[in-house]
Amino acid sequence: MANTMLLAVFALLQVMCFLSTSPVHGVSAAAGSCHASGYVHGKETRCPKGSPDCCVVGKSYPRFRCSPPVSAKTPAILTLKVFDNGEDGGPTSCDMRFHRNTELVVALSSGWLRLDGGARRRCNGRIRVAAAANGRSVVARVVDECDSVNGCREEDGYSPPCRNNVVGGSPAVWKKLGLNESVGEFEVTWSDV
Ligand SMILES: *[C@@H]1O[C@H](CO)[C@@H](O)[C@H](O)[C@H]1NC(C)=O
């Protein structure tokens with residue numbers, strides 16, 4: 001009897017261990033049925049000066065056509081994105097414009113921008129972004145894609161594909177949320193407005 005109990009406890013522990021270790025960082029951090037659809041490979045070495053995150057030659061980076069499931073509080077990573085006509089790429093993919101740092105605008109990972117959650121394109125729609133750190137929130141317009149499919153090419157600035165769970169916020173979004181831009185990334189949740 002004691003042996004059976006012990007075995008049962010042992011089996012349970014193994015299952016718990018498996019469950020807690022399987023969703024690791026990176027590729028499998030994408031929840032649900034969203035898996036990497038392939039990989040891009042770092043080939044070039046012409047990294048723009050001052051760029052912090054260029055593809056490394058010989059390294060592979062996952063590409064995602066999907067993003068994690070959307071809910072009323074979808075967890076995401078907030079990054080800083082500048083939408084003016086400086087060195088950070090061309091006009092936005094939703095309204096083909098540039099945006100001042102004072103505008104409340106965001107980019108979404110490819111899966112979230114496009115078809116995720118019932119064939120609803122989010123371009124030019126509004127989302128509410130809430131910071132996990134302080135509970136503050138802001139409504140911003142979706143104007144661009146954080147491309148989770150392509151990367152490491154000249155037109156990508158030799159940067160890897162975007163992760164599939166990113167909200168790229170303008171400086172105004174960061175300011176409204178009261179977050180320190182120097183920290184680089186924060187946990188947030190977002191929802192459609
Ligand atoms: C912002 O973050 C940076 C880096 O962590 C830190 O050095 C700086 O003191 C912070 N600024 C404020 C105003 O908290």
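## A tour of strands E4, E5, E6 and E8

The chain has four helices and eight strands. This is a predicted model. Begin with the whole chain displayed and follow it along the sequence: its elements come in the pattern α-β-β-β-β-α-α-β-β-β-α-β. The chain comprises 193 residues, of which 32% count as buried. Consider also how the chain contacts itself: among contacts with a separation of 6 or more, 73% are made by residues 24 or more positions apart.

**First stop: strand E6.** Select residues 137-146, which form strand E6. How many of the ten residues of this strand are buried? Seven are, and E6 is accordingly described as mostly covered.

**Second stop: strand E4 beside E6.** Keep E6 selected and add residues 105-109, which form strand E4. In which sense do E4 and E6 pair? Their pairing is parallel and extends over five bridges. To see one bridge, select Ser109 together with Cys146, its partner in E6.

**Third stop: strand E5 beside E6.** Now select residues 126-131, which form strand E5. E5 and E6 run antiparallel and are joined by five bridges. Two positions show how the strands face each other: Ile127 stands opposite Ala140 in E6, and Arg128 stands opposite Val139 in E6.

Next, move to the hairpin formed by E5 and E6, where five residues lie between the strands. Select Gly135 in this hairpin; its phi is positive, near 75 degrees.

**Fourth stop: the two faces of E5.** Display the side chains of E5, which alternate along the strand. Which residues of E5 point to the buried face? They are Ile127, Val129 and Ala131, and these residues are buried. Arg126, Arg128 and Ala130 point to the other face and are not buried.

**Final stop: strand E8 beside E5.** Add residues 185-192, which form strand E8. E5 pairs with E8 in the antiparallel sense, again through five bridges. Return to Arg128 and select Ser191 as well: Arg128 stands opposite this residue in E8, just as Arg128 stands opposite Val139 in E6.

With these strands displayed together, the pairings can be reviewed: E4 with E6 is parallel, E5 with E6 is antiparallel, and E5 with E8 is antiparallel.

Notes. Residues numbered from 1 in each chain as written. Predicted model: local features only at pLDDT ≥ 70, side-chain atom pairs only at ≥ 80, totals over all residues. Buried ≥ 20, exposed ≤ 12 C-beta atoms within 10 Å, placed from the backbone. Pairing = 2+ DSSP bridges. Contact = placed C-beta atoms within 7 Å.
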